[in-house]
Amino acid sequence: GPGAPAGGGGGVGAFDARLRKPERGLPPHEPEASCERPCRCEVCREVPEPSSEAESRGSACAASTPTLVGIYPRGLNFLALAELARAEATVVEHLDAFCAVLFRPPLPAPDAVAQVLELSTFEQIFEAVGGAVPLPPEPSLADIGAAAESQIREHARLWRGQLRPFRKWRLSVHRDHLVQRYKSPVVVPVLGDGLAAVGAISLAEGCQAGPEVDLTGFEVEVVAYLSDGIDKLLAANDTKARASLGGGPELLLMGVRSASLPCRPVALEVQKGALRSRADDTVALCVAQRAADLLVAPGLGGGSSAAGARCVVLDPMCGVGTYLLALRWVLAQRGLDGQRGAELIGVDLDSEALSHMRTNLGPEGGSHPFTIIHGSSVALPLRSDSVDLIVADPPWGQRHSSHTYVKQHFPRWAREWARVLRPGGAAVVVTICKKVFEDRVLPPLQKAGLLELEEAVVFDNKGWTVCRMYVVRKPASASAAQRSA
């Protein structure tokens, strides 16, 4: 699985709320009626009264149906939008360049118990407070602070209403930039200053205007997402175009999340022990969504399976089972249990990884039976033409083995996939080894009539912007002679 390359990322930090330090140059207090202020400490008594109703800015109440922000992996927008459509959510705005969707979850049916909507294709989900905040190209910290303060003051009462019901808070910053001009923790104080200026948080020791900062015991989290809107996939895959990228307006989205948020990302909670696997939940779930699309498409396996039989899905290098667990969740969530269903098979040579996989499966396998096999990926212990779909994330030569090892063994892995796939069956392959796969692995199999390339999607796999998700298919016309050649 992927590692954690330098750049990008997020962070949390403490906001030093001692407003009386003049060297910080904090902005003046936003006016607020004393009858609305929940605290009469020394600092709060200095807050001016609004001179008119117009000066008490914004509504104090959030909308009955909140607008949420979802951040998806770059390149996988089609999966995120498809999932929102299946959930009957309303897309308010799609900020494609910034990998963000503003949406409203569906309203629960009358008298129905409200349930939290779990979404699998988003890395971050939070409730938007105010709207998108435009930033100038390559903004400084001062630019970010000024834009954030302006938005917070404009929606002062809404920010107070969102934060004051809680006792503890923290602020987290998530960035999506081609060039890292600053780190997330240094952004925290400039955003916190704006919240302090409107009295949405505690302003000093003993102040009860709002929640006090607590990085671990927080009840509500203020979330900030900063993006330059640059296509990192293009920058990584076309070095000549890289110099022409950038220079456009950037974006800041701010909001909150707490236990009452009506929507959240799926957490697989996969145990990995001391293993170096870093397969990401969101990426695994996105791949699982694409795999589920293939499972429900007509003609998978060329009709070779018996009528009504389960589709057989194989992860030939399953490790701790992240991808198969993701697929189990997706199939259940999409209501595919009652249709043909799927038999899920995991093969791996690492006994420790398989032990963790058994733990991750839990006592209940659901309606999709699991089979765990200790075996080699270069000689899969499965019959030829016995598998409908393969999901594979083979080693990249980064954390596991070396690039030389991958280069030598990838053709053997793929030939085994072609062998066990039924005619008409498909494989979803995730890898950063583009040249190896496209130049050394596929051509011999294409020439032999064993595999055809149907799709190649470039996406950001936790900072690996050269990662690809391939869909290859075994032709339905593949003859027994070809398969045994």
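The largest cavity in this predicted model is lined by Ile152, Leu171, Leu191, Leu195, Val222, Val223, Ala224 and Met254. Here a cavity is a set of points on a 1 Å grid over the protein atoms alone where a 1.4 Å probe fits but cannot get out, and a lining residue has an atom within 4 Å of a point. Rolling a probe the size of a water molecule over the atoms shows where empty space is left. A search of the whole structure finds 1 cavity of 30 Å³ or more, and the volume of the largest cavity is about 30 Å³, where a volume is the space filled by probe spheres set on the points, which are joined across faces, edges and corners. Two elements, helix 4 (184-197) and strand 10 (220-227), each give two or more residues to this lining, and strand 10 gives the most, with 3 residues. Helices (H or I, at least four residues) and strands (E, at least two) are DSSP runs, numbered from the N terminus. The lining divides into 8 nonpolar residues, no polar and no charged ones; Ala, Val, Leu, Ile, Met, Phe, Trp, Tyr, Cys and Pro count as nonpolar, Asp, Glu, Lys and Arg as charged, and the others, Gly among them, as polar.

Before going further, it helps to know how the model is read. Residues are numbered from 1 along each chain as its sequence is written, and side-chain values use heavy atoms, with hydrogens and water left out. Because the model is predicted, local features need pLDDT of at least 70 and side-chain atom pairs count only at pLDDT 80 or more, while totals for chains, interfaces and linings use all residues.

Strand 10 also leads to its partner, strand 8 (residues 168-176), since 8 bridges join strand 8 to strand 10 and the two run parallel. Two strands pair if DSSP finds at least two bridges between them. Within this pairing, arginine 175 stands opposite leucine 226 in strand 10. Strand 8 is also joined by 2 bridges to strand 9 (residues 212-213), again in parallel, and there tryptophan 169 stands opposite valine 213. Strand 8 is largely enclosed by the rest of the structure, because 8 of its 9 residues are buried, where buried means under 20% relative accessible area, exposed over 50%, and partly exposed in between (1.4 Å probe, protein chains only).

Further along the chain there is an open sheet of 7 strands, in the order 15-14-13-16-17-19-18 and with mixed pairing. Its edge strands, strand 15 (370-374) and strand 18 (452-461), each pair on one side only. Neighbouring strands of the sheet are turned by 15° against each other on average, direction ignored, with axes taken as lines fitted to C-alpha atoms (for helices over the stretch in contact) and angles running from 0 to 180 degrees between N-to-C directions. Strand 16 (residues 387-392) and strand 17 (residues 421-431) pair in the parallel sense over 5 bridges, and isoleucine 390 stands opposite alanine 427 in strand 17.

Aromatic rings come next. The structure holds 7 aromatic pairs; rings of Phe, Tyr and Trp (its six-membered ring) pair if their centres lie within 6.5 Å, and planes under 30 degrees apart count as stacked, over 60 as edge-to-face and the rest as tilted. The rings of tyrosine 405 and tryptophan 413 have their centres 6.2 Å apart and their planes at 55°, so the pair is tilted. Tyrosine 405 is partly exposed at 35% relative accessibility, whereas tryptophan 413 is buried at 1%. Phenylalanine 437 and tyrosine 470 form another tilted pair, 4.4 Å centre to centre with 35° between the planes. This pair links distant parts of the chain, with phenylalanine 437 in helix 11 (residues 434-447) and tyrosine 470 in strand 19 (residues 464-473), 33 residues apart. Phenylalanine 437 counts as buried at 2% relative accessibility, and tyrosine 470 counts as buried at 0%. Ring pairs link Tyr405, Phe410, Trp413, Trp417, Phe437 and Tyr470 into a cluster.

Finally, the backbone deserves a look. Most residues other than glycine have a negative phi, and most peptide bonds are trans. Cysteine 99 nevertheless has a positive phi near 55°; this residue lies in the loop between strand 3 (90-95) and strand 4 (100-104) and is buried, with a relative accessible area of 3%. Glutamate 269 likewise has a positive phi of about 55°, but glutamate 269 counts as exposed at 69% relative accessibility.

Note on methods
1 Å grid on protein atoms, 1.4 Å probe; cavity = no way out; pocket = protein on both sides within 12 Å on 5 of 7 lines; lining within 4 Å.
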